[in-house]
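Reader: I would like a close look at a single part of this model, with the helix packing and the charged side chains treated together. Please take one helix pair as the starting point and work outward from there.

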Amino acid sequence: MVGWSVLFPYAYLVPLLMVGSFVVVGLGGTRLRRFAGGGWIAVAAAGASMVLGVLLGVAEMLDPTYTDTHVVWLSLPATGTGTFPNGFELVMGTLVDPLSGLMLLVVTIVGFLVLVYSLGYMAHEKGLPRYFAELSLFLAAMNGLVLADNLFEFFVFWELVGVCSYFLIGFFYEKPSAASAAKEAFLVTRVGDVMFLLGVFLYFYVYATSGPAGGWAAHGFLFVQGSSPFLAGVMGGSTPLLTVAGLMILGGAAGKSAQFPLHVWLPDAMEGPTTVSALIHAATMVAAGVYLLAVTSLFLGFTATDDLAIVAIGGFTTFFAATMALVQPDIKRVIAYSTISQLGYMVLAVGAGFAMVGMYHLFTHAFFKALLFLAAGAVIHAVGTQDLFKMGGLRRTMRITSGVFLVGALSLSGIFPFAGFWSKDDVLSSLFGELGSHPLYWPFYLLALATVFLTGYYIFRVWFLTFSGENPRDRSLPAAHEAPGVMLVPMIVLAIFATVGGLFPFVPAFAHLLPGAGIPPSYTATDLALSALSVGLAAGGILTAWAFWGNGRVFELPAGSAAQPVRRLLLKRYYFKAGYDALGLTGVYTFARLCDFVDRYIIDGVVHGLERSFGGLSERGRRIQSGVVLDYASYVVAGVVVLLLFLLVVGPYLVATWGS
Amino acid sequence: MIDTEVLGQFAPEILLLAGTLLLFVLDRAGALRRELFGAVALAAILGAGAIVLADLGVGFLAPLRGIGAAVVDQPVGASALYGFSSLGLLFQGIFLLAAFLVALAAVSRPSDEPGAAVFYGLLLLATLGMMLVAVAADLIFLLLALEITAIASYLLVASPRRDPRALEAAMKFYIIGALSAALSFFGASLLYGAYGTTSLRVVGHSLPAGAYGDLAIAGFGFLLAGLAFEVTLVPFHMWAVDVYDGAPTEVSAFLAGGTKKAGFFALFLVFVGPLLLVLAPGTGPAGTFRGSLDLTVALLAVATMTVGNVLALFQSEMKRLLAYSSISQAGYMLLGVAVATAPALAGATFQIFAHVLLKAGAFLVVAAAAGLGVGPLVSDWKGFGIRRPALGVAFGLFLLGLAGIPLTVGFFSKFVLFSAVVEARGWFVWLAVAGVLNSALSVFYYGRILRTMYMETPPAGSGGAGVGARSSLAWDGLGYGRAAAIGIAAVLVVALGIDPGPLLTAFQSAATHFLTFGA
């Protein structure tokens, strides 16, 4: 096989095609009514970039190499002194390696399928050109992020996907809730972004000042294969500064991947179109945090403290989010909490030292979670509500949708042999193998295990409430209909991935994309016992769901039940949002009052004072500027006198007094 | 006997001179179109530019490399009148760029306006003088070259012969210019009196040994004053505002973007080049002179940037505002002379280059707006950005660049300059602080213009012929020359704001060579 790698330098075309689509649809969308508001153009561009992306992914499978192609954007030469003794470079480029090959597969395939699905789902909405242009820009940014070959470029695209997410959550901007959700998402992830940037600066500081010869920063922060020995060998493995830098990166990842305590924005982000939820808030962008952690762990390395923090955040979030999913009445929000919970699994695996296991779960999750969202979207499209308690019995009218949702739910629950089983099981067993390395890993392992039960319960609660039973509980719902073909086909394709995707790493070529311990999983006797345990837990969850909600049953918690406060706590999302709001309101309001005071009395005072004094100066200046040439000449002469005085008298005196 | 090698070295200058003569001949030939004169001038400028760039080693112009200066950055002899440094060649490129933009834009002046040939001829002559400044190695050579430029500029300002404002401006310019030239020549004569030579290199190396130390220092003082006029340092700046205001706007663009920069190179030659190399800061008379020179220049720089900015703050006329902004920018550039390290020199050169694009571009937009009927006051620009989107965006870019906002070339130039000043340590850091504070101050008045352009609507019924009448993306009513000049400047501002790398490298290596050039 010759010639696959000739494609690598052209990887930049993957994002560039979507930029082209963004420009064409964004500028000419309103004139493209015949192409579904530019939808077909976006689909065509996404198709082309999918072909290229898949080719690149396949090329990496056959020939797992690191190919970096970049241009130097800005370069300060090494001078040995000054701010940048080793010099400094900013580069823009693409890195095609196994990791980015895997992500390209996920992003381009899911992106293409979601765009196709959008043609049907969004057909009746207003502002289609805006939708398709923004989605194109998002895909461009996401592919750029995946292909970024250095930390700065990564950050640029990271911000760009954040902005796209903001636009798309607020797509229905006439709805106040959508507008406020968009703002919330933007602001909360901003907290993470600031931490990320601080982390970049810290790494920069460490590497630019005391890095290996030449300084890593001098070479543009490139992700170079095997650069983690920089950390271990040259930096002495662990310094407080590097620990803090790693924690900052974790903060950035937590913001983007909605990990505790920055998780609040993701459920509210469901105000966006369901397609956006599927693509951005399930399969791709929210996974970027995990991708960042994986990339950082590979190319920079984390310290032991960082690893524990990552395990703790991931392990806690996975359980914490799953509990909130138990009681939600809104179909999309349940899936959103589930996304947070599953992202927790991925973070957990990265922290345990198995970045590739995390990526494995990212890969399968992208497909089954996108599937769940798209299927939920089909239901919402059909009945016009997101309230689970109004639905019911939709199995009869929406056979295919109910089937693919079932596939997604089984996969999410981790039932053998669906995709989610393999990767989730791998996450659990990899952490199990590491339990000896830190005593504090135990509680998080148990939380992760308990989450398996909760997952089976909450997702089948959704399935039973939506599809089982005889008729919709709310009779006023419009008669449901099966989704059109343009929506069904993407769902079916995703369902196939959600069924068999977990087996891919058992193909040796595909396993090249996930180079690392535990991929593909090896099944020893202990592993088999653990797998049996987790499938048992998931099945237990499903059965519990069936007992409460099966066949159209609706389980009502008795009013006096001791569990009521718990239910309320969960419904109120542990009061996190309320807490943040209160904090924001009192904190921000006080701060705003303070700012107002400062602005009114101090800044305005100074400005007005300045204005008055400068105004006076200016007035005087203008009077000096009389327009009379003789005046000008006399100022010149005065200037000469002052210069001579300075050079001959004042200057030497001052030099003699202060030294030079 | 004509030395062909020397002729070859001066090929760009000879091209400009030939262009001038051809223009004057053509002018006698009768009523010819403005475009023709413009084309001749542009051809001469582009030809000269190609040779200069070839000498600088631009790849695709390699076939031309045999024509121009063959030997660059070699120390010159004690009796040499001229010598070629790569920094000088870069400055020649900067001068030609300014002349090119102005010549291109001036094609769009009203075709019935008389004196086109004279205008272009003088433009080429002034450029010729600047080109000679860039290769001077001798005080007299340098001052005469400056005079060529100055005299051509007086006439350029006076070129609208029936406009009393322009004539008044030219007269002021001439009187103050003559005074300053006298100061410069007096300074040179003092130096000659002290050392018996006018070679910059010998003078620099001699200082301040010998019995005539104070005489020589006074000579440098007078020279500094004379050059301070050229580059509009406070308090030698006053002519600039009246002249930029009264002159035809294209000429203002050329004065701010072009001739002033020749003055800066003269400052580099006299006060940075061979001189400071031997004047390492320290004790002894040389160290003392270096110390007091640093202090004096630093003081001039801070006074210039601050006074320029403060007076710009409350200026209500657009051209005068730009003139004050141009004065304050001179203060930033002077930091390169005050600090006088290779990075600072590179930063100052970069700032000078950026300012050519930004200020010439801004003045050209003002010229275009005047052609569209926009009045002279800032408040006449209300709604301009909405009514003329393309011009508005270009003007906005130039203003943002002047303020030093990222993604424009002005950001990088200031960044490089200020960080070089900081790197020099010591009390120089305070110069950088003053520069940054001044930059912040300048954002106020640039921002005010932007606000006027975009957020304020013109009072109903008063919309001027240009601003009010049309609402069009197109460049109509502008003339292709102006459109092209403004467009080129705007594209360069953004392109070099995104990737200044190659240019920066060129400036840095040229500055490093320059500091060792006269050794």
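Author: The model is a predicted one. The starting point is a pair of helices in chain B: H4, residues 86–106, and H21, residues 480–498, whose axes lie 6 Å apart and pack at an angle of about 150°. H4(B) and H21(B) are therefore roughly antiparallel to each other, since an angle over 145 degrees counts as such. From H4(B), the residues in contact are B:Phe100, B:Leu101, B:Leu104 and B:Ala105; from H21(B), they are B:Gly481, B:Arg482, B:Ala484, B:Ala485, B:Ile488 and B:Ala489. Sorted by class, this contact has 8 nonpolar residues, 1 polar and 1 charged.

B:Arg482, named in that contact, also has a salt bridge. Its partner is B:Glu250, with the closest N and O atoms 3.1 Å apart. B:Glu250 lies in helix H11 of chain B and B:Arg482 in helix H21 of chain B, so this pair ties together parts that are 232 residues apart in sequence. B:Glu250 and B:Arg482 are both buried.

B:Glu250 has a salt bridge with B:Arg109 as well, and here the closest N and O atoms are 2.6 Å apart. This pair, too, links distant parts of the chain: B:Arg109 sits in the loop between H4 and helix H5 (116–133) of chain B, while B:Glu250 is in helix H11 (residues 249–272), and 141 residues separate the two. B:Arg109 counts as buried because its relative accessibility is 18%, and the cut-off is under 20%. For B:Glu250 the relative accessibility is 0%, so this residue counts as buried too. Through B:Glu250, then, H11 of chain B is joined by salt bridges to the loop that follows H4 and to H21.

H4(B) also packs against H15(B), with axes that come within 10 Å and cross at roughly 5°. That angle makes H4(B) roughly parallel to H15(B). The H4(B) side of this contact consists of B:Leu87, B:Phe91, B:Ile94, B:Leu97, B:Ala98, B:Leu101 and B:Ala105, and the H15(B) side of B:Leu345, B:Thr349, B:Ile352, B:Phe353, B:Val356, B:Leu357 and B:Leu364. By class there are 13 nonpolar residues, 1 polar and no charged ones. B:Leu101 and B:Ala105 are named in this contact and in the contact with H21(B).

H15(B) has a further neighbour in helix H14 (residues 318–339) of chain B; the two axes come within 8 Å and cross at roughly 170°. H14(B) is therefore roughly antiparallel to H15(B). Among the H14(B) residues in this contact are B:Leu322, B:Ser325, B:Ser326 and B:Gln329, and among those of H15(B) are B:Ile352, B:His355, B:Lys359 and B:Phe363. The class count for the whole contact is 13 nonpolar, 6 polar and 2 charged residues.

B:Lys359, which lies in helix H15 (residues 342–371) of chain B, deserves a separate entry. This lysine is buried yet has no salt bridge, and the nearest side chain of opposite charge, that of B:Asp245, is 13 Å away. Side chains of opposite charge can pair when their charged atoms come close. A salt bridge here requires a side-chain nitrogen within 4 Å of a carboxyl oxygen. Apart from neighbours within four places in sequence, B:Lys359 is in contact with B:Ala256, B:Leu322, B:Ser325, B:Ser326, B:Gln329 and B:Leu402. B:Asp245 itself belongs to a network of salt bridges that links it with B:Arg165, B:Glu168, B:Lys172, B:Asp242 and B:Arg320.

As for the setting, chain B has 22 helices and 0 strands. Of its 519 residues, 63% are buried. Among contacts in chain B between residues at least 6 apart in sequence, 79% join residues at least 24 apart.

Chain A has 23 helices and 2 strands, and 56% of its 660 residues count as buried. The corresponding share of contacts joining residues at least 24 apart, among those at least 6 apart, is 82% in chain A. Over all chains the count comes to 12 salt bridges. One in chain A joins the side chains of A:Asp268 and A:Arg333, at 3.1 Å from N to O. A:Asp268 lies in helix H9 (residues 265–268) and A:Arg333 in helix H13 (residues 331–351) of chain A, so the pair ties together parts 65 residues apart in sequence. Both A:Asp268 and A:Arg333 are buried.

How values were computed:
Residues numbered from 1 in each chain as written. Chains lettered and ligands numbered in written order. Predicted model: local features only at pLDDT ≥ 70, side-chain atom pairs only at ≥ 80, totals over all residues. Heavy atoms only, no water. Helix = DSSP H or I, 4+ residues; strand = E, 2+ residues; numbered from the N terminus. Buried < 20%, exposed > 50% of the residue type's maximum accessible area, 1.4 Å probe, protein only. Lys, Arg positive; Asp, Glu negative; His and termini not counted. Contact = heavy atoms within 4.5 Å. Axes fitted to C-alpha atoms, helices over the stretch in contact; angles between N-to-C directions. Parallel < 35°, antiparallel > 145°, perpendicular 65-115°, else oblique. Nonpolar A, V, L, I, M, F, W, Y, C, P; charged D, E, K, R; others polar.
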